[in-house]
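Biologist: I am new to this structure and would like to understand the reasons behind the words used to describe it. Could we go through them one at a time?

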Amino acid sequence: MQTNELNRDTLRRLAELRPERGKVVSLYMSLDPKEFATPQARTTQVHSLLDDGARRVKELDGLSHDDRKGVDADLVELREFLEGDDFVPEGAHGIAAFRSSQADLFELIRLPRPVTPRIFIDDSPLIEPLAEMVSAGNWALLLLSRRTARLLRGSPSRLDEMREFRERVRGESDEGSRAIDQRSVDAEVKDHVTNAAEELHTRFRRRPFDRLLVGCSAELWPGLESRLHADLARRLAGRFDVEVERSSPQQVLEAAAPVMEEDDRRREREALDRMAAGLGAGGHGAAGLDETLAMLTERRVETLLFEEGFSAPGVVCGSCGWIGTEGASCPVDGSELEQRDDVIESAVELALEQAAEIVVVHHHDDLGTRGSIGAVLRF
Ligand SMILES: [Zn+2]
């Protein structure tokens, strides 16, 4: 069993995972401290998830003897693992577990925020809830005062402090002579800001983030902004006010939340506007389920947009991956189409396979009149 963090690479790898034989059990478990703080509450959740899983296996048609045996064993194994002493999901707000003994798959993903508990048995991992979380973005928050620099990373629901960052920047700043008059104090502050900007870029190259927010005084801001590398400037969402030296990650998150939400709104707005501008003959936009699925099948999607929680039934071709809203046989190769309760899961997988960005729309209702889904096209 391997444990991984949720990011774009993990998501894309899971989207492309389609074992040649056997079924995959996908299990989402919430570790929301408000609801599932006690071991008993967690055990109850595990039981009801796995009971639901057992029911789903019974309902599945056309399962081979081996597949059924495999899934039954996988469910028992998941129950033992999730109730066992080895399962210590420290710091995670939820987990996703993917198990298929027949495909030799057992992977755990730590989630940055709680999820609706659910279990699913299919030919490939269920990844739509993960796509929604990745769409919320991978943030870096730099906190800067005249003496200190801190770095926190995470999502709008959780931030973790990168503790060595403060030491690294301070170490650099302490080199050289001691400040005695005001001019050299100013020079030291300048060096400190430069060091912070450079160290941030080093971190970014090692482990990239999507968006950057800076907590510093209005006085320090112009100096920092002018020293940010172009890679960082491009990702900058803005500045916010925060107590730099002593705020806990939770307090930083509270101070930053309005700016993060505003940036989210803006990002959704831009994608929606690009989509709308591209609608019509020859344009680079698509709207509605039929058209969007067709564009995904043609691998033309640059950004897939859909409303939060949107799901719709559809059909999928098991041999070539064609997806649509209805039909009995695949228009490409004539294979029999499989009925899906939720074709959006397949749409997300196809979008990730073509390296499309996924924007789950929370803040605007433009898609309401356009079938809840749309796309910006590459060509
Ligand atoms: Zn096909």
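Modeller: Let us begin with a definition: a residue is called buried if 20 or more other C-beta atoms lie within 10 Å of its own, exposed if 12 or fewer do, and partly exposed in between. Please keep in mind that this is a predicted model.

Biologist: Why is arginine 299 called partly exposed?

Modeller: Arginine 299 has 15 C-beta neighbours inside 10 Å, and because the buried class starts at 20 and the exposed class ends at 12, arginine 299 counts as partly exposed. Its place is in the loop between helix H10 (289-297) and strand S12 (301-307), and the phi of arginine 299 is near 60°, a positive value in a residue other than glycine.

Biologist: What makes alanine 355 exposed?

Modeller: Alanine 355 has 12 other C-beta atoms within 10 Å, and a residue with 12 or fewer is classed as exposed, so alanine 355 is exposed. Alanine 355 also has a positive phi of about 60° although it is not a glycine, and it lies in the loop between H11 and strand S16 (357-361).

Biologist: To which class does arginine 170 belong, and why?

Modeller: Arginine 170, which is found in helix H5 (residues 163-174), has 15 C-beta neighbours inside 10 Å and therefore counts as partly exposed. The C-alpha atoms of arginine 170 and arginine 150 are separated by 10.0 Å, with these positions 20 residues apart along the chain.

Biologist: How do you know whether alanine 96 is buried or exposed?

Modeller: Alanine 96 has 26 C-beta neighbours inside 10 Å, and since the buried class asks for 20 or more, alanine 96 counts as buried. This alanine lies in strand S3 (residues 94-100), and, not counting residues up to four places away in sequence, alanine 96 touches Ser26, Tyr28, Ile109, Leu111 and Leu130. Its C-alpha atom is separated by 8.9 Å from that of serine 30, although the two are 66 residues apart along the chain.

Biologist: Proline 112 is found in the loop between strand S4 (105-111) and strand S5 (118-122); why is it called buried?

Modeller: Being in a loop does not enter into the definition, which rests on a count of C-beta atoms. Proline 112 has 21 other C-beta atoms within 10 Å and is therefore buried. Leaving aside its neighbours within four places in sequence, proline 112 is in contact with Leu6, His93, Met133, Gly154, Ser155, Ser157 and Arg158.

Biologist: How much of the protein counts as buried, and into which domains is it divided?

Modeller: Of the 379 residues of the protein, 35% count as buried. The protein is divided into domain 1 (2-135), domain 2 (139-263) and domain 3 (279-377), and the C-alpha centres of domain 2 and domain 3 lie 40 Å apart. There are eleven helices and 17 strands in the protein.

Biologist: What makes a group of residues a nonpolar core, and which residues touch the most other members of the largest one?

Modeller: The members must be buried residues of the listed nonpolar kinds, joined through C-beta atoms within 7 Å. In the largest nonpolar core, which has 69 residues, Ile95, Leu130, Leu304, Leu305, Ala347 and Ala351 touch the most other members. Helix H11 (residues 343-353) gives the most to this core, with seven residues, and the core draws at least three residues from each of domain 1 (2-135) and domain 3 (279-377). Apart from it lies another core, of 29 residues, among them Leu144, Val193, Leu212 and Val214.

Biologist: How are two packed helices described, and what are the values for helix H1 and H11?

Modeller: Two packed helices are described by the angle between their axes and the distance between the axes. The axes of helix H1 (residues 8-16) and H11 come within 9 Å and cross at roughly 115°. In this contact, Leu11, Arg12, Ala15 and Glu16 in H1 meet Glu349, Leu352 and Glu353 in H11.

Biologist: How do the residues of that contact divide into nonpolar, polar and charged?

Modeller: The residues of the contact of H1 with H11 divide into three nonpolar, no polar and four charged. Arg and Glu count as charged, whereas Leu and Ala count as nonpolar.

Technical notes: Residues are numbered from 1 along each chain as its sequence is written. This is a predicted model: local features need pLDDT of at least 70, side-chain atom pairs count only at pLDDT 80 or more; totals for chains, interfaces and linings use all residues. Helices (H or I, at least four residues) and strands (E, at least two) are DSSP runs, numbered from the N terminus. Domain bounds come from an automatic or database domain assignment. Axes are lines fitted to C-alpha atoms, for helices over the stretch in contact, and angles run from 0 to 180 degrees between N-to-C directions. Two residues are in contact if their C-beta atoms, placed from the backbone, lie within 7 Å.
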